[in-house]
Amino acid sequence: MPTTSVNWAVRVWAVVRKDLTTEFRTRYAFNAVVMFAVVTLTMISLSLGLNEPSKPVLASLFWVVFFFAAMSGLAQVFVREEEAGTAPILKLSSSGSVIFFGKMLFNLLLLTILAVVIIPLFIVFFETAPANWPLFLVGLLSALIGLAGSTTIIAAIISKATVKGALFTVLSFPALMPLLVAAVEITSVSFVGGGFEEILAPLQLLVAFDVVMITLSVMLFDFVWRL
Amino acid sequence: MTAVIIMAFTMPSPMSSEFSLGPVDAYRIFYFHVPVAWVAVLAYMVAMIQSIRYLRTKDIIFDIKAVSANRLGLLFSLMAVITGSIFAKLTWGEFWNWSEIREVSIFILLVIYGAYFALRSALPDREVRATMSAVMTIIFAVSALFLIFILPRIYPAFSQHPTDSIVDEQGRLTMSPMVLVIFSLSMIAFTALFAWMYSLTVRLERFGRKVISR
C-alpha cells in the first residue's frame, strides 16, 4: 500500500503544480483576490476616517474583507477548466479524489497568499495587531482549511452554471456560515488578547466543521465531477 | 385545521399573565408560529432525503420531489419569519435580533432556499441541474446542522425564545392540558397540510414537465 499512497500524493501535487503554472501565466485569480482585498480595505479605512472602531468590530471587518476577497478568486480553479475546455482531459488523467485535493490545495495556497497580503495592510490601516499572535494564527489556519475545503466543490458546481461569479458567493455564504461565526469569534478574542481557553469551544467547532466538510465533499465530488 | 384556528383564538392564552413579556394574547401566535417553523424544517428534511435518493438512482422523479419540498419550504420559512418577528416586536420590543440563534437559523434556512433556486435557474441542462442541486442540498443540510444544533451549545446565552412555553430547563413538558391539546392538534394539522400541498406540488411539477417535453 505505501507505494500507492505515495503515488496518490505525487498525483495530487501534479494537479497543484499544473494549476500553479497556469496561474502564473495569467495571474488572474491572484490579481482578482489581492486587488479586491486592497480596494475594500482602502474603502473601509477611508470611510472610517478618524473614527476608531472597537476590536470586535475590527475582527468582523477583517473577516468580511477576507470572505469577499476569497469569493472573487476561489471559483477560478474549475471555471478556468470549463472555459479553456480542458476539463474532459483532466477527467481522463486522474481520479476524482486526486483532482479534489489538488484543487483544494491550490485554493489553500491562494488563501494563504491572500492572508499574507491582508494582514500587514490591516495592521497598517487600522493600527491594530492581534494581541495574541499564536491564537490568531491557529484560528486563521483552521478557518482557511475550512474555506478551501468547502468551497472547492461549490466551485466545481458553479463552473457548469451560466452565471458564475455572483452565484458562487450566494451558494458559499450559507454553507460557510458556521465557519465565519467561529472564525470571527476566535479573531475577536485574539485581538482583545484573551487566553486559549476562551477560544476552545469555537476552535472545536471549526475543526469539526473542517473535517466534516472535507469528508462530505470528497464523498459528493464524483457526482459533480463525473457528470 | 378549522378547529385549531377557532380554539387558538377562543381558549385562554397559552402564557399566564405573570410571566408574559408583552400582551398576553400575543402568545396565541405560538399555535401557528411553531408548527409553521416545524414544517419549514420538515420540508428541508424531505428535500434532503429525496436528493440523496436522486443521487443513488438518478431517477428524475426524486428531483421533482426535492424541488416541490423546497418550494413549500421557502413558503413556510417565510411565514415563520413573519409570524416570528411580529411576536418578537410585541414581546421583546424589536422585529429582529441577531443574537437570537433560532431567528438566525430560520433566516439561514430562508437564504438556503433562495440559494437553491438561484442555482437551479442558472443551470439549463436538466440532468446537470438535478445533480448539482441535490449535492448542494446535502452540503447545506450539514452546514445548517452545525449552525442549529452546535452553535447554541457553544454560546449558551444565545436564545431568548420562551423556554418555559413547551419544555422547561429540565426538558419536561410544561404545557397545561388544554394548551397541549390545541398545540398537538395544530402540529398535526400543519403537517397534514404540508403533506397535502406536497403531493399537489409534485403532481403539478410532473404535469409541467410533461407539457414542456411535448
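This report describes selected features of a predicted two-chain model, from the chain contact to individual helices and residues.

Residues are numbered from 1 along each chain as its sequence is written, and chains are lettered from A and ligands numbered from 1 in the order in which they are written. Because the model is predicted, local features need pLDDT of at least 70 and side-chain atom pairs count only at pLDDT 80 or more, while totals for chains, interfaces and linings use all residues.

**The contact between the chains**

Chain A and chain B meet through 25 residues of chain A and 25 residues of chain B; two residues are in contact if their C-beta atoms, placed from the backbone, lie within 7 Å. On the side of chain A that touches chain B, α7 (133–158), α8 (165–192) and α9 (196–225) each supply at least two residues. Helices (H or I, at least four residues) and strands (E, at least two) are DSSP runs, numbered from the N terminus. This side of chain A has 23 nonpolar, 1 polar and 1 charged residues. Here Ala, Val, Leu, Ile, Met, Phe, Trp, Tyr, Cys and Pro count as nonpolar, Asp, Glu, Lys and Arg as charged, and the others, Gly among them, as polar.

**Helices of chain A**

The buried residues of α2(A) are A29(A), V33(A), V34(A), A37(A) and L41(A). They cover an arc of only 120° around the axis, which puts them on the same side of α2(A); the arc is that of the directions from the helix axis to the C-beta atoms. A residue is buried if 20 or more other C-beta atoms, placed from the backbone, lie within 10 Å of its own, exposed if 12 or fewer, and partly exposed in between. The face of α2(A) turned away from the buried side carries exposed residues, including N31(A), V39(A) and T42(A).

The axes of helix α6 (residues 96–126) of chain A and α9(A) come within 9 Å and cross at roughly 110°. Axes are lines fitted to C-alpha atoms, for helices over the stretch in contact, with angles from 0 to 180 degrees between N-to-C directions. The two helices, α6(A) and α9(A), are therefore roughly perpendicular to each other (65 to 115 degrees). From α6(A), the contact is made by G96(A), S97(A), I99(A) and F100(A), and from α9(A) by S217(A), V218(A), F221(A), D222(A) and W225(A).

**Helix α2 in each chain**

The table sets out the α2 helices; the expected span is 1.5 Å times one less than the number of residues.

| Helix | Residues | Expected span | Distance between end C-alpha atoms |
|---|---|---|---|
| α2(A) | 28–48 (21 residues) | 30 Å | 30 Å |
| α2(B) | 30–57 (28 residues) | 40 Å | 40 Å |

Just after α2(A), G49(A) takes a positive phi of about 60°. Just after α2(B), K58(B) takes a positive phi of about 60°.

**Chain B and two of its residues**

Chain B has 6 helices and 0 strands. Of its 214 residues, 36% count as buried. Among the contacts in chain B with a separation of 6 or more, 69% join residues 24 or more positions apart.

S77(B) lies in helix α3 (residues 60–91) of chain B and counts as buried, with 27 C-beta neighbours inside 10 Å. Not counting residues up to four places away in sequence, S77(B) touches A40(B), I106(B), L109(B), L110(B) and Y113(B). S77(B) and V36(B) are 41 residues apart in sequence and 7.3 Å apart in space, C-alpha to C-alpha.

R203(B), in helix α6 (residues 177–213) of chain B, is exposed, with 12 other C-beta atoms within 10 Å. R203(B) and F30(B) are 173 residues apart in sequence and 32 Å apart in space, C-alpha to C-alpha.

Technical notes:
Parallel < 35°, antiparallel > 145°, perpendicular 65-115°, else oblique.
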